[in-house]
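The text below walks through a structure, from one helix to the chain and then to the pair of copies. Please keep the model in view while reading.

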There are 2 protein chains.
Amino acid sequence: MEPNSSSNDNNKMQLQHHSSCLEIAAMEVHRVVPPPHKSTIEKLKRRLKETFFPDDPLRQFKGQPLGKKWILAAQYIFPILEWGPNYSFKLFKSDIISGLTIASLAIPQGISYAKLANLPPIVGLYSSFVPPLVYTVLGSSRDLAVGPVSIASLIMGSMLRQEVSPTQNPVLFLQLAFTATFFGGLVQASLGLLRLGFIIDFLSKATLIGFMAGAAIIVSLQQLKSLLGITHFTNQMGLIPVMSSVFHNTKEWSWQTILMGFCFLVFLLLTRHVGTKRPKLFWVSAGAPLVSVILSTLLVFAFKAQHHGISVIGKLQEGLNPPSWNMLKFHGSHLGLVMKTGLITGIISLTEGIAVGRTFAALKNYQVDGNKEMIAIGVMNIVGSSTSCYITTGAFSRSAVNHNAGAKTAVSNVVMSVTVMVTLLFLMPLFQYTPNVVLGAIIVTAVVGLIDVPAAHQIWKIDKFDFLVMLCAFLGVVFISVQEGLAIAVGISIFKILLQITRPKTVMLGNMPGSDIYRDLHHYNEAIRIPGFLILSIEAPINFANTTYLNERILRWIEEYEAEENLNKQSSLRFVILEMSAVSAIDTSGTSFFKDLRKAMEKKGVELVLVNPLAEVLEKLQRSDDSGDFKRPDSLYLTVGEAVASLSSTIKAPSANYV
Amino acid sequence: MEPNSSSNDNNKMQLQHHSSCLEIAAMEVHRVVPPPHKSTIEKLKRRLKETFFPDDPLRQFKGQPLGKKWILAAQYIFPILEWGPNYSFKLFKSDIISGLTIASLAIPQGISYAKLANLPPIVGLYSSFVPPLVYTVLGSSRDLAVGPVSIASLIMGSMLRQEVSPTQNPVLFLQLAFTATFFGGLVQASLGLLRLGFIIDFLSKATLIGFMAGAAIIVSLQQLKSLLGITHFTNQMGLIPVMSSVFHNTKEWSWQTILMGFCFLVFLLLTRHVGTKRPKLFWVSAGAPLVSVILSTLLVFAFKAQHHGISVIGKLQEGLNPPSWNMLKFHGSHLGLVMKTGLITGIISLTEGIAVGRTFAALKNYQVDGNKEMIAIGVMNIVGSSTSCYITTGAFSRSAVNHNAGAKTAVSNVVMSVTVMVTLLFLMPLFQYTPNVVLGAIIVTAVVGLIDVPAAHQIWKIDKFDFLVMLCAFLGVVFISVQEGLAIAVGISIFKILLQITRPKTVMLGNMPGSDIYRDLHHYNEAIRIPGFLILSIEAPINFANTTYLNERILRWIEEYEAEENLNKQSSLRFVILEMSAVSAIDTSGTSFFKDLRKAMEKKGVELVLVNPLAEVLEKLQRSDDSGDFKRPDSLYLTVGEAVASLSSTIKAPSANYV
């Protein structure tokens, strides 16, 4: 008998032990307390700080002596004061190599992108001279290579061309371009100063991938003009008008141009392929454009090819940037267009510059302050607009080359700038015989990298809706227009967010056996329902956009649950528990919703219980609650487990364990 | 020694007991499992169903025989078939009383509102005849009193007046009004058919309160024309132009008109006050307008007051609604304006109709199907537009009277309609001497009820931001224009939602002593930090709009936490636990964010642990995760408590309790 008795004892012990654990759980009900009081002003201050100063830019000033504060402030405004004093010859050696490398890329690209924007080629070189110097003083990225970029050039050129012809009225066109650059810079600097940098976050990654790919195709299509040697080309940008223009002018095609273009395009694409496959051979792809320019210029010069159907750049002016502040036009009939162009190109180029800066900062493990970068890029464009530069930013391809070439600080931009200066002063005549077809090939090679097929495939794999957004951006840009494609994609992205709010996810919870954890019944198969309880978790802020839906949906859920319970002959529904941990905010529509819901449930004999409302939500609920329902301890619990344990006792006859 | 030993034993027992409880907690770690597999099509179907058919309208059809299905379908389309067969004489007695009551209100209001829309007074009566009959067949609310309403009348009149003068070109103006009504009905029915009813939810309660109060003031200002007897009145609507027009024409003021207007206004406001204070005396306020019309008409007739500066309606045509489908103009230069007018008045009147229907349905505890109501109201306006009616909907004030007068079904609308028909056929000549000033007083009395000061005060108490939205709507309507005020308020409301997403709330959690519950450290003072752990709860979907913010914010939080721990000489940070219960969705930017965050943390020697990601989020994270980091069991836990318990053992030397 002894062993048996012992096992019996053991069983008893376990039972006792188990029940005493339960007892602890049942007795220790944590009260939901109102959060510590804060005045409206305090709350507003906190909210504003989190919205506009989430990075707390002044935290390093705290507790510093006044002299140090002045130094910190100067360093804050001019980051060059931060790294400049520690600059060494060793760093300079790295910077000079990378600076020369990006200069060899910047000179042909500058000329090409200026032509893409329908501007004189020399403006592209001007824009690679002044803005990099400004950025060196103000910018906080160490890898950004500053200068004109393809997409912003394309957009500026195509938008301004809507009202003014660059061939018939080149001076006015140039004036508008500088003025648009000024507005672009103003928008960029304002976004930074007003700390509204989050506006560029609304261009999602998916949108940008689709947009960039579309823009790359549009840019490449424009190059068909120089690659095929066509003289009468359409002014439109879309796929269909360009292709129809190309095939309507087949007799203008020049075989010499096509042959030359084909050869250099193959050469450039091959070197690009080498450069991307082996980052150590970055100089192959970085030097190829300049080599192509020199080689093709020599070829044209040697064979006098300009008389055989190959068009060349022609004579270029020598000298440094002339001042252009007298060319800024803040009045007249084109002001609206110019401001719109400035706004769009400003935001697009800002997005590229910030994204590039962040990418390389993450690689080298340092921080880039988004708002400060915006001010730097903005000021750089404002200064640029009065020194004959058009819109510039940090270019992705050149920054990658800069990074691979071992750039350590922004001094590589200074090296590039000086190289461009030397070119402007002494080497301009050499470009006279450079054929346009090579510039076209350089542009196509540069923008091919913007089409990111693996990223698109990854998006398809992860999120079908994001893929749709990407596709809309891509097709919109290719078939409608660059601006409208972008607008459509942003619109759809925002619509998705609003839809998520309008139809918030609501999850039915069940108990994980042997614990007081409650989780999604549809996700965890082992989770079980508790008879008499309907436990729902609402997964969104409750506001005007979703109260109607939530009200009807929850009442219908109760109906369904009751119908099912009746079918299973279980005890009828007594409590609806709303798990509120995920309700981050509530407005007045939301507080009314709870009152209405409670009333509707009372008519059905069901009680509403809230679990773990967040501080702000709890406060608003209690303030709106005249009847005091949301202050009663039996309608507010800290966890679902405690709510179920405590309320179960009111359903069943209280057993010894639940005293 | 014995007692001591016993107490010692007791202590041991307790310790043992406690440790065995902990042991259970430490050993039973629940695994996070991937959710049951579902194909993309299934997910899409589910998502679409929840977005467009959250009410599952076909659920009653399930499992019914075919014949029954036909009957149900007919009842679904024509709700009259549902309640009609059970209609009894007892119900009819209630309906006839309430029908006559609302008719006595509808006749003077119809005439007044038509004048507000710059339409001939008789169109207001036409609009109280046909639409109620259509609604009786199609509508599912039992209390809605259908007819023209003040705000929609005001908006239609003011918008159409932008392009066509109602005095110089009355026929064209009437054509445009009917066409706008047609488009309004089309918009309403389409929203219902396409199940896009949630669009009207974007007019939040706060917006509507501000908007209605502003519109009430604008409407009242317009009545100064008839109340003061001014003949040269401004065409503008804003507070400033109307007041300046009023005080520039002081010599046009007619004391007879002012006296009469003042008397009737006081009478009407007093009866209205009685009606709202004592719902049983509803007939006092309901009958007052008709009494005023009759009394004032008799007065004018007796004293020949029309020759003494009191303007009267004048001769009105007799007879029922003439057909007007030949007056609908779907071409011409005004089409854009007409469509815009139809869209805005359609949505505004729909919002009022649906809100009124829902309010009274909740009072009487029955359901109103929003999308079905939209179709009913839309069809009613389409039919109305071809039978000389302008835009109609369920009016709040008249529906309240209808409800108080004991209306049981939509038959009260039929009774009202028949009464209006009798008026149209036989009683029109009686209105010839009705003075305009009384109509003005009736309108002012009706719209005063739209200014809801207690609700505004309640909003101020609960949510300051909602109050701001309300104020913007109010001031926008009063000082700019009705449409722009509304647009500004909706814009701000949506901006707030986007801001909530862009700057998601993130809460730092601490342990509630003696439990495995983790709650907000700033809300619950007793909650304590666990050394070596940073536990954050993210309270929003993670998407393109907030990944940049979250990335920087979390990294800064880690920095701060580490700085503080160093100060307190505590063990350094080892784990960052992200509680993901409240992250309802994620996109590709979100999945990249987690990868970047994990990489950045690895560089700091901190490990990232996720707790309770929802099914959809978990799936996307694992699909995007090539390295398999989010599949390792030690980076995924079901509760914070289990994560801390399980990971603590890796920090300290494992004790006997944590085997």
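In this predicted model, helix α16 of chain B spans residues 396-404, and B:Arg398, B:Ser399, B:Ala400, B:Val401 and B:Asn402 in this helix are buried. Buried means under 20% relative accessible area, exposed over 50%, and partly exposed in between, with a 1.4 Å probe and protein chains only. Helices (H or I, at least four residues) and strands (E, at least two) are DSSP runs, numbered from the N terminus. The cover over the buried residues of α16(B) includes, from chain B, the helices α5 (89-116), α13 (282-303), α14 (335-364) and α17 (411-427), together with the strands β1 (146-147) and β2 (393-394). After α16(B) comes B:Gly406, which has a positive phi near 95°.

A second place to look is in chain A, where helix α12 (residues 255-277) holds A:Leu265. A:Leu265 counts as buried because its relative accessibility is 18%. Leaving aside residues up to four places away in sequence, A:Leu265 touches A:Ala441, A:Val444 and A:Thr445; contact means heavy atoms within 4.5 Å. A:Leu427 lies 162 residues from A:Leu265 along the chain, and their C-alpha atoms are separated by 25 Å.

Now take chain A as a whole. Its secondary structure comes to 25 helices and eight strands, and 56% of its 659 residues count as buried. Of the contacts in chain A with a separation of 6 or more, 79% are between residues 24 or more positions apart. The C-alpha atoms fill a box of roughly 110 × 65 × 65 Å along the principal axes. Chain A has a radius of gyration of 33 Å, where a compact globule of 659 residues would have one near 26 Å. That radius is taken over C-alpha atoms, and the globule rule is 2.2 Å times the number of residues to the power 0.38.

Finally, how are the two chains related? A rotation of 180° with 0.0 Å of shift along its axis superposes chain B on chain A, with an RMSD of 0.0 Å; the fit is by least squares on the C-alpha atoms of residues with pLDDT of at least 70 in both. The two copies are therefore related as by a two-fold rotation axis. In chain B, the C-alpha nearest the axis belongs to B:Ala582, 2.1 Å from it. Both copies use the same surface, since 100% of the contact residues of chain B recur in chain A.

Residues are numbered from 1 along each chain as its sequence is written, and chains are lettered from A and ligands numbered from 1 in the order in which they are written. Local features need pLDDT of at least 70, side-chain atom pairs count only at pLDDT 80 or more, and totals for chains, interfaces and linings use all residues, while side-chain values use heavy atoms, with hydrogens and water left out.
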